Amino acid sequence: MTSDDCLFCRIVSGELPTELVAQSERTIAFRDINPAAPVHVLVVPRRHEPTIGALAAASTEDLADVFALIAQVTQQEGIAEHHRLVFNTGSKGGQSIFHAHGHVLGGKVFTER
Ligand code: 5GP
Ligand code: ZN
């Protein structure tokens, strides 16, 4: 499923430009437009599912590939040993784009929970 109204589907399809960091058959990674850390990469399954939980329920292959690409991105960006992963879920969880994605954050020291 894809959605014409979904920003990340439009990035996945190539309709909207982005700063690509890595990609695989199932997943793409690109830089966040409003970075919260020196390294801030979004890792996005090509398949449209609203949340990471919905993705897990829909396809373990797609879920596993998100984490494989996260590992590749942290290596590429030199933050494999020190980084933070965030999956905001639901509006009360801070999610603003309802196409599942992980935030890979690094290049700074994280102290707050
Ligand atoms: P969420 O709040 O849903 O967890 O994360 C959405 C993220 O997408 C935010 O960190 C926001 O800065 C980022 N974002 C929103 N619009 C765009 C865009 O057009 N391009 C890119 N690269 N990132 C975006
Ligand atoms: Zn989408």
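This is a short walk through a zinc site, a pocket and a few strands in one predicted model.

Okay, a bit of housekeeping. Residues are numbered from 1 along each chain as its sequence is written, while chains are lettered from A and ligands numbered from 1 in the order in which they are written. Since the model is predicted, local features need pLDDT of at least 70, side-chain atom pairs count only at pLDDT 80 or more, and totals for chains, interfaces and linings use all residues; side-chain values use heavy atoms, with hydrogens and water left out.

Let's start with the metal. Which residues coordinate the zinc ion, ligand 2? Cys6 and Cys9 do so through SG, His48 and His99 through ND1, at 2.0 to 2.2 Å. A donor here is an N, O or S atom within 2.8 Å of the metal (3.2 Å for Na, K and Ca). The angles among the four donor atoms run from 106 to 116 degrees, making the site tetrahedral (four donors, all angles between 85 and 135 degrees). Along the sequence, the donor residues follow the spacing C-x2-C-x38-H-x50-H. Cys9 and His99 link distant parts of the chain: Cys9 sits in helix 1 (residues 7-12), His99 in the loop between strand 4 (84-86) and strand 5 (102-106), 90 residues apart. Helices (H or I, at least four residues) and strands (E, at least two) are DSSP runs, numbered from the N terminus.

Are those two buried or exposed? Cys9 is buried, at 7% relative accessible area, and His99 is buried too, at 0%. Buried means under 20%, with a 1.4 Å probe and protein chains only.

Next, the strands. Strand 1 (residues 20-23) and strand 2 (27-31) pair antiparallel over three bridges; pairing takes at least two DSSP bridges. A hairpin of three residues joins strand 1 to strand 2, and Ala22 has Ala29 as its bridge partner in strand 2. Strand 2 also runs antiparallel to strand 3 (residues 39-45), with five bridges, and Phe30 is partnered by Leu42 in strand 3. Four of the five residues of strand 2 are buried.

Last stop, the largest pocket, with about 280 Å³ of space. A pocket is an open set of points on a 1 Å grid, where a 1.4 Å probe fits, with protein on both sides within 12 Å along at least five of seven lines; lining residues have an atom within 4 Å of a point. Of the 17 lining residues, Phe8, Asp32, Ile33, Leu42 and Ile97 are closest to the centre. Helix 1 gives the largest share, three residues.

Methods:
Four donors count as tetrahedral if all angles lie between 85 and 135 degrees; four count as square planar and six as octahedral if opposite donors are over 155 degrees apart and all others between 65 and 115; anything else is irregular. Buried means under 20% relative accessible area, exposed over 50%, partly exposed in between (1.4 Å probe, protein chains only). Grid points are joined across faces, edges and corners, and a volume is the space filled by probe spheres set on the points.
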